[in-house]
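User: I should like to learn how to read sheets, charged pairs and aromatic contacts in a model. Could you take me through them in turn?

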Amino acid sequence: MDVKTDVLIIGSGIAALQAALLLEEHFQIQIVTKSSVYMSSSYRAQGGIAAVTSEEDHIEHHIADTLKAGEYHHEKRHVETLIEDGTKIMQKYLKTGLPIDRHVDGKPALGLEGAHSHHRILHAGGDRTGQIFIDYLLDKLAPKTKVNCYEMAYELLLNTNGDCIGVLTKGEKGTKRYLAHHVILATGGAGALYSSTSNFPTNTGDGIALAFRAGAAISDMEFMQFHPSLLWCENEAKGLVSEAVRGAGGIFVDAQRQPIMKGLHAQLDLAPRHITALALFKKRAAGEETFIDISNIKNFEAKFPTIAQLCYDNQVHLQDGIIPVAPGSHFLMGGVIADDEGRTTIPNLYAVGEVACTGVHGANRLASNSLLEGITFGQKMAHSILQKGCHQNNFLLDHRKCADIMPSLFTKQQLQQHMMQFLGIVRNIDDLQYFVQQLPSLPSLLHVNLMDLEQSELELFMMHVVATLMAYAAITRTETRGAHIRTDNAEMEAQWANRWIIFTQGQMKVRNSLYEYHQTRGNAQAIF
């Protein structure tokens with residue numbers, strides 16, 4: 001079955017919807033999403049949106065906090081765009097009816113989160129910010145914009161010029177082929193590669209695998225952020241306990257209710273996430289349980305209704321004043337290399353949101369910058385596509401070689417356990433070398449024929465593509481930087497400053513910039 005449209009968006013989170021709302025006035029839009037529109041990381045986001053909206057705060061402070069949290073491994077001009085443009089967009093949303101939490105005087109109720117120097121986190125519904133924002137955007141989406149749920153994209157389509165012109169999907173109605181002038185990857189991250197995660201099980205990095213197999217450049221795959229506080233019951237993660245809980249006065253404690261972060265960092269429980277996650281990891285590795293003490297937070301259930309319900313559902317009694325927590329995978333800083341307009345190294349293929357690597361998050365994302373990224377670059381990308389228009393006239397497919405046999409794969413549970421064990425919060429050279437030897441080689445993943453696979457088999461294959469990229473990047477970066485923690489080399493190294501590990505066309509290289517100059521269609525442009 002063929003579906004032809006102007007713009008195809010793969011994914012349904014905040015970046016996807018922000019772009020769709022701007023593009024649908026002028027173009028035909030098709031949205032393809034692997035599950036329900038209510039199963040994105042955006043929808044699940046508890047923390048809020050970081051933006052400068054008070055007189056006490058300043059854009060320069062937000063930029064400085066972002067750079068410091070990410071250990072200065074950034075594309076600084078994109079950080080400036082994120083904060084400056086994002087502030088303007090959020091101020092406009094506040095004026096046009098986005099239902100955020102406010103004080104009795106009408107001013108936004110601004111929260112504080114880890115590594116922020118000022119109260120600047122906008123919330124909605126207490127800890128339901130993502131849900132309320134997504135519902136707000138979905139309500140504005142025009143009926144003519146078609147949303148195709150429960151379809152998994154598994155192969156990008158290129159024409160004979162090397163432009164992206166569509167995708168193959170598999171769902172309940174079988175295989176569909178979408179053809180479009182512009183294809184946008186907004187598929188989210190890859191937290192579900194780990195056995196302990198805040199992500200939905202569907203967040204398996206499919207968009208990154210799609211782009212890699214099509215030849216697009218990928219970077220920063222070694223940088224997976226681990227959130228320190230997942231609700232931990234019955235020896236597994238049950239969901240996220242937002243950093244906003246600690247911003248409201250919660251503190252990390254051990255079983256004797258002794259503070260864990262005392263003496264470890266000047267910002268204590270609001271230290272950057274790799275600091276807090278590592279502290280809890282060490283406690284748990286030593287056989288100790290870890291908790292958040294919420295006894296000093298008044299009206300906890302009113303402030304955090306989602307978390308309170310999560311606790312009730314898992315028989316955690318809030319009247320005890322503590323919530324059992326453990327670290328788990330949360331946000332991937334790396335992904336498909338894209339500029340601030342979403343353009344990747346493949347013409348007419350775009351990447352936005354967590355699937356993209358634009359250099360704004362560095363080696364460790366600043367809390368609540370992710371929703372800001374989605375709306376900011378979603379809007380900037382949409383404006384770029386509007387200016388470019390729909391002028392693709394070559395829909396002749398380039399039939400690439402797909403003759404390689406499927407390499408040996410782990411089961412899903414085995415892969416998730418191995419990722420947690422060998423590619424988790426702390427890593428060492430011996431574990432990494434062992435793990436890489438067990439994974440498929442990069443070239444062996446490029447030309448496997450996926451046509452006859454079931455959706456679960458496709459997902460497992462995509463997970464192995466992303467795991468292999470992450471493992472090779474992690475073994476190559478021999479230092480500790482941000483979320484990338486090496487026990488065999490606990491310090492940052494000057495030789496790794498401003499160095500990016502890039503994957504493209506099945507090859508890996510290290511270079512001195514995320515982007516590079518090259519000739520694009522006869523015009524020299526500073527894109528890649």
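Analyst: The turns below treat the sheet, the salt bridges and the ring contacts of this predicted model.

User: In what order do the five strands of the open sheet lie, and what is the pairing?

Analyst: A sheet may be read by strand order, then by edges, then by what packs on it. Here the order is S17-S15-S9-S20-S21, in an open sheet with mixed pairing. Strand S17 (356-357) and strand S21 (507-511) are the edge strands, each pairing on one side only. Between strand S20 (residues 500-504) and S21 there are five bridges, in the antiparallel sense. Within that pairing, threonine 504 stands opposite glutamine 507 of S21.

User: Which strands does helix H6 touch, and which does helix H14 touch?

Analyst: Helix H6 (residues 206-214) packs on the sheet through contacts with strand S9 (218-219), strand S15 (335-337) and S20. The direction of H6 makes about 45° with that of S15. Helix H14 (residues 455-476) also packs on the sheet, where H14 touches S9, S20 and S21. For H14, the direction makes about 145° with that of S20.

User: Let us turn to charged side chains. How many salt bridges does a search of the whole structure find?

Analyst: Side chains of opposite charge can pair when their charged atoms come close. The search of the whole structure gives 21 salt bridges. One of them joins arginine 213 to glutamate 155, with the closest N and O atoms 3.0 Å apart. Arginine 213 belongs to helix H6 and glutamate 155 to strand S6 (residues 151-158), so this pair ties together parts 58 residues apart in sequence.

User: Are arginine 213 and glutamate 155 buried or exposed?

Analyst: Burial is read from relative accessible area, with buried meaning under 20%. Arginine 213 has 5% and is therefore buried. Glutamate 155, at 10%, likewise counts as buried.

User: Which parts does the pair of arginine 477 and glutamate 222 tie together?

Analyst: The side chains of arginine 477 and glutamate 222 meet in a salt bridge at 2.6 Å, N to O. Arginine 477 lies in the loop between H14 and strand S19 (485-486), and glutamate 222 in the loop between S9 and strand S10 (224-233), so the parts tied together are 255 residues apart in sequence. Arginine 477 is buried at 0% relative accessibility, and glutamate 222 is buried with a relative accessible area of 0%.

User: How do arginine 343 and aspartate 339 read in terms of accessibility?

Analyst: Arginine 343 and aspartate 339 form a salt bridge, with the closest N and O atoms 2.7 Å apart. Arginine 343 is partly exposed at 28% relative accessibility, whereas aspartate 339 is buried at 6%. Salt bridges may also link into a network, as they do for Lys34, Asp206, Lys412 and Glu459.

User: Finally, how are the rings of tyrosine 38 and tyrosine 43 arranged?

Analyst: A pair of aromatic rings is described by the distance of the centres and the angle of the planes. The whole structure holds eight aromatic pairs. For tyrosine 38 and tyrosine 43 the centres are 5.2 Å apart and the planes lie at 65°, so the pair is edge-to-face. Tyrosine 38 is partly exposed at 43% relative accessibility, while tyrosine 43 is buried at 17%. Elsewhere, Tyr93, Phe133 and Tyr136 form one aromatic cluster.

User: Which rings have a charged end sitting over them?

Analyst: The ring of phenylalanine 200 has the charged end of arginine 44 over it, 3.9 Å from the ring centre. For tyrosine 154, the charged end is that of lysine 170, at 5.4 Å from the ring centre.

Notes:
Residues numbered from 1 in each chain as written. Predicted model: local features only at pLDDT ≥ 70, side-chain atom pairs only at ≥ 80, totals over all residues. Heavy atoms only, no water. Pairing = 2+ DSSP bridges. Helix = DSSP H or I, 4+ residues; strand = E, 2+ residues; numbered from the N terminus. Contact = heavy atoms within 4.5 Å. Axes fitted to C-alpha atoms, helices over the stretch in contact; angles between N-to-C directions. Salt bridge = Lys/Arg side-chain N within 4 Å of Asp/Glu carboxyl O. Buried < 20%, exposed > 50% of the residue type's maximum accessible area, 1.4 Å probe, protein only. Phe/Tyr/Trp six-rings, centres within 6.5 Å; stacked < 30°, edge-to-face > 60°. Lys NZ or Arg CZ within 6 Å of the ring centre and 35° of its normal.
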